[in-house]
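Please work through the exercises below with the sequence and the structure at hand. Each task is followed by a solution that goes step by step.

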Amino acid sequence: MTDEELQRDHLIARLAPKRGESILDLGCGSGEDLEHILRVRRGVRVVGMDRSERMLRGARRRLSRYIKREAAEIVVGDAGEALPFPSRSFDAVLSAELMECLPPVRQTRLLKEIHRVLKPKGRVLIEHTDWDTQVWNAKDRRLERKLVHSFCDWTQGWMDVSDGWMGRKLLGLLRQSKLFKRLEVDTYVLTNDQYKPGAYGHARAQDLLTLARARKGVQVEDARRFLRDLKAQDRAATYFYSVTRYLILAKSVPPSNFR
């Protein structure tokens with residue numbers, strides 16, 4: 001299994017889908033998490049929503065056999081707006097790598113909408129990478145720190161906004177909403193010990209070149225020098241990469257409990 005597949009295993013295991021449940025995935029992208037849910041638990045119904053029609057075309061192809069059986073549905077929608085679903089529609093809601101792309105007012109609105117569409121005692125699982133936790137074993141410590149911090153603070157072209165610290169902010173965000181209870185914090189540390197195409201750390205290292213070319217406080221030659229060092233670390237069997245992802249699992253507070 002790839003490093004991302006192992007991470008997805010952990011994510012869906014924490015969601016713990018049960019037979020007969022209806023599950024909503026907000027920001028579902030091309031549908032990998034939805035497919036994993038359907039593979040590990042028969043008898044569930046999943047709905048995926050994303051604002052990118054391009055990503056959803058991939059999701060429809062990936063889930064075509066499940067869509068034909070009405071076990072899956074794909075919906076175009078913006079998670080920063082009112083969700084296009086009736087109240088109390090879902091047993092569980094999953095949101096992975098979405099919150100950082102929303103401004104604070106929309107984050108608050110989304111939590112209210114998640115609470116609205118959850119059934120009484122329904123659960124929500126929100127996951128996010130904290131980009132300042134990226135670690136490479138590199139020769140030039142100062143350059144590594146500069147690149148990691150610059151990447152964390154980078155609002156990429158496809159984003160309206162970004163917050164690279166969203167992983168560490170999730171717990172406080174849910175606590176302040178007062179919409180959920182029994183909050184559980186979990187972490188997943190994705191690691192690589194080889195610098196090779198297909199590995200997550202390799203892909204993020206290539207992003208550093210894109211960052212430099214976008215003139216976001218990093219010189220292209222510095223980024224290239226850093227990548228050469230990673231190759232050298234790999235040849236010496238001293239390469240290491242990790243990044244931490246935070247998961248918050250919580251139960252919906254019944255409306256009758258509001259004051």
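The exercises that follow treat cysteines first and salt bridges afterwards.

This is a predicted model, in which local features need pLDDT of at least 70 and side-chain atom pairs count only at pLDDT 80 or more, while totals for chains, interfaces and linings use all residues. Residues are numbered from 1 along each chain as its sequence is written, and side-chain values use heavy atoms, with hydrogens and water left out.

**Exercise 1. Cysteines**

Task: Find how many disulfides the model holds, and state where the sulfur of Cys 152 lies relative to the closest cysteine sulfur.

Solution. Begin with the rule, by which a disulfide is a pair of cysteine sulfur atoms within 2.5 Å. Applying this rule gives a count of zero disulfides. For Cys 28, which is in no disulfide, the nearest cysteine sulfur belongs to Cys 101 and is 14 Å away. For Cys 152, the closest cysteine sulfur is again in Cys 101, at 13 Å, which is too far for a bond. Turning to accessibility, take buried as under 20% relative accessible area, exposed as over 50%, and partly exposed as in between (1.4 Å probe, protein chains only). Cys 28 is then buried at 6% relative accessibility, and Cys 152 is buried at 3%.

**Exercise 2. A salt bridge between a strand and a helix**

Task: Identify which residue forms a salt bridge with Asp 186, and locate both partners in the secondary structure.

Solution. A salt bridge requires a side-chain nitrogen of Lys or Arg within 4 Å of a carboxyl oxygen of Asp or Glu, and by this rule the model has 23 salt bridges. In one of them Asp 186 pairs with Arg 14, with 3.1 Å between the closest N and O atoms. Asp 186 belongs to strand 6 (residues 180-192) and Arg 14 to helix 1 (residues 3-15), so the pair ties together parts that are 172 residues apart in sequence; here helices (H or I, at least four residues) and strands (E, at least two) are DSSP runs, numbered from the N terminus. Asp 186 is buried at 18% relative accessibility, whereas Arg 14 is partly exposed at 26%.

**Exercise 3. A salt bridge from a loop**

Task: Describe the pair formed by Glu 81 and Arg 106.

Solution. The closest N and O atoms of this salt bridge are 2.6 Å apart. Glu 81 sits in the loop between strand 3 (72-76) and strand 4 (90-96), and Arg 106 in helix 5 (residues 104-117), so the pair ties together parts that are 25 residues apart in sequence. Glu 81 is partly exposed at 33% relative accessibility, and Arg 106 is partly exposed at 24%.
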